[in-house]
Structures are given as C-alpha cells and as structure tokens.
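Grab a pencil and open your viewer. Here are a few short exercises, each with a worked solution to check yourself against.

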Amino acid sequence: MATAIVRSALSRSSIRLTPRTSFAPPKRNMSSSAGHDDAYEAAKWEKITYLGAASCTALAVWILSKGHHHGEDPPAYPYMHIRNKEFPWGPDGLFEVKHNEGH
C-alpha cells in the first residue's frame, strides 16, 4: 500500500513538472458537432424555420379563404317543441335577482 501511495505521488509530481505549451483548455467534441461547422448548422436550421413558418402561414390562408359549407337547417320534428308560454315564476328567471321590487 505504501508503494502505491509513493507511485501516485510520483506520477502526480511528474505531471506537474512537465511544462505546458498551451494554457487553453482542450476543445470538447460534442456528438452534435461531430465534424460540422456550428455556424453552418445554425444557418441551415434558421432557413428551415423560416421556410416552415412561411409554408404553414400560406397553407392556413389558403384553407381559411376557401370558406366552408354551413349545411341545411334541420327539419322541424314534432317532438322538438319550443316553449312560447312564460314560466310560472316570471320572465326574469328562477334564480335571477329581482331589482325593482318595491325598493
């Protein structure tokens, strides 16, 4: 165990004694930029975004400008009665607040 400690101390000291030629940290290679220029990729996706937004806008304008079919009125079936008589509690409704009742 003592020899392992001595070896690790010597290896750390030998690393420190070697002069560095550059103080800049090494460049990290991410998987998303493997060999591609980042500015080129950003410009490409910017063009794709603008083209997609323009095409979606044009498609929406074309679809909305065509209009739509409203259809015919449904037939008046006899079971669909419309109540023309007032309710027993009056025309204001059952739960409405009565504003001018003797105030």
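**Exercise 1: a charged pair**

In this predicted model, the side chains of E41 and K44 come together in a salt bridge, at 3.3 Å from N to O. Work out how the pair is placed along the chain, and how many salt bridges there are.

Solution. Start with the distance: the cut-off is 4 Å between a Lys or Arg side-chain nitrogen and a carboxyl oxygen of Asp or Glu, and the E41–K44 pair comes in at 3.3 Å. Next, locate the two residues: both belong to helix α2, three residues apart, or about one turn of the helix. Now check the cover on the lysine: K44 has a relative accessible area of 31%. Buried is under 20% and exposed is over 50%, so K44 counts as partly exposed. Finally, the count for the structure is one salt bridge.

**Exercise 2: the helix itself**

Compare the span of α2 with the expected one, and say what follows the helix.

Solution. First, the bookkeeping: the chain has two helices and zero strands. α2 covers residues 38–65, which gives 28 residues. From first C-alpha to last, α2 reaches 41 Å, close to the 40 Å expected at 1.5 Å a residue. After α2 comes G67, with a positive phi near 80°.

**Exercise 3: the nonpolar patch**

Which residues form a nonpolar patch on the surface, and what sits over the ring of W62?

Solution. Take the patch first: its members are L59, W62, I63 and L64, and together they have about 470 Å² of accessible area. Pick out I63, which is in helix α2. Its relative accessible area is 45%, so I63 is partly exposed and clears the 30% needed for a patch. Then turn to W62: the charged end of K66 sits over its ring, 4.7 Å from the centre. As for aromatic pairs, the structure has zero.

**Exercise 4: the whole chain**

How much area does the chain expose, and what percentage of its residues are buried?

Solution. Begin with the area: about 10900 Å² is exposed, and carbon and sulfur atoms supply 62% of that. Then the burial: of the 103 residues in the chain, 2% are buried.

Methods: Residues are numbered from 1 along each chain as its sequence is written. This is a predicted model: local features need pLDDT of at least 70, side-chain atom pairs count only at pLDDT 80 or more; totals for chains, interfaces and linings use all residues. Side-chain values use heavy atoms; hydrogens and water are left out. Rings of Phe, Tyr and Trp (its six-membered ring) pair if their centres lie within 6.5 Å; planes under 30 degrees apart count as stacked, over 60 as edge-to-face and the rest as tilted. A charge sits over a ring if NZ of Lys or CZ of Arg is within 6 Å of the ring centre and within 35 degrees of the ring normal. Patches are made of residues with over 30% relative accessible area and no salt bridge: like charges are joined within 9 Å, nonpolar side chains (Val, Leu, Ile, Met, Phe, Trp, Tyr) within 5 Å. Accessible areas come from the Shrake-Rupley method with a 1.4 Å probe; for residues, only the protein chains shown count as cover. Helices (H or I, at least four residues) and strands (E, at least two) are DSSP runs, numbered from the N terminus. Buried means under 20% relative accessible area, exposed over 50%, partly exposed in between (1.4 Å probe, protein chains only). The expected span of a helix is 1.5 Å times one less than its number of residues.
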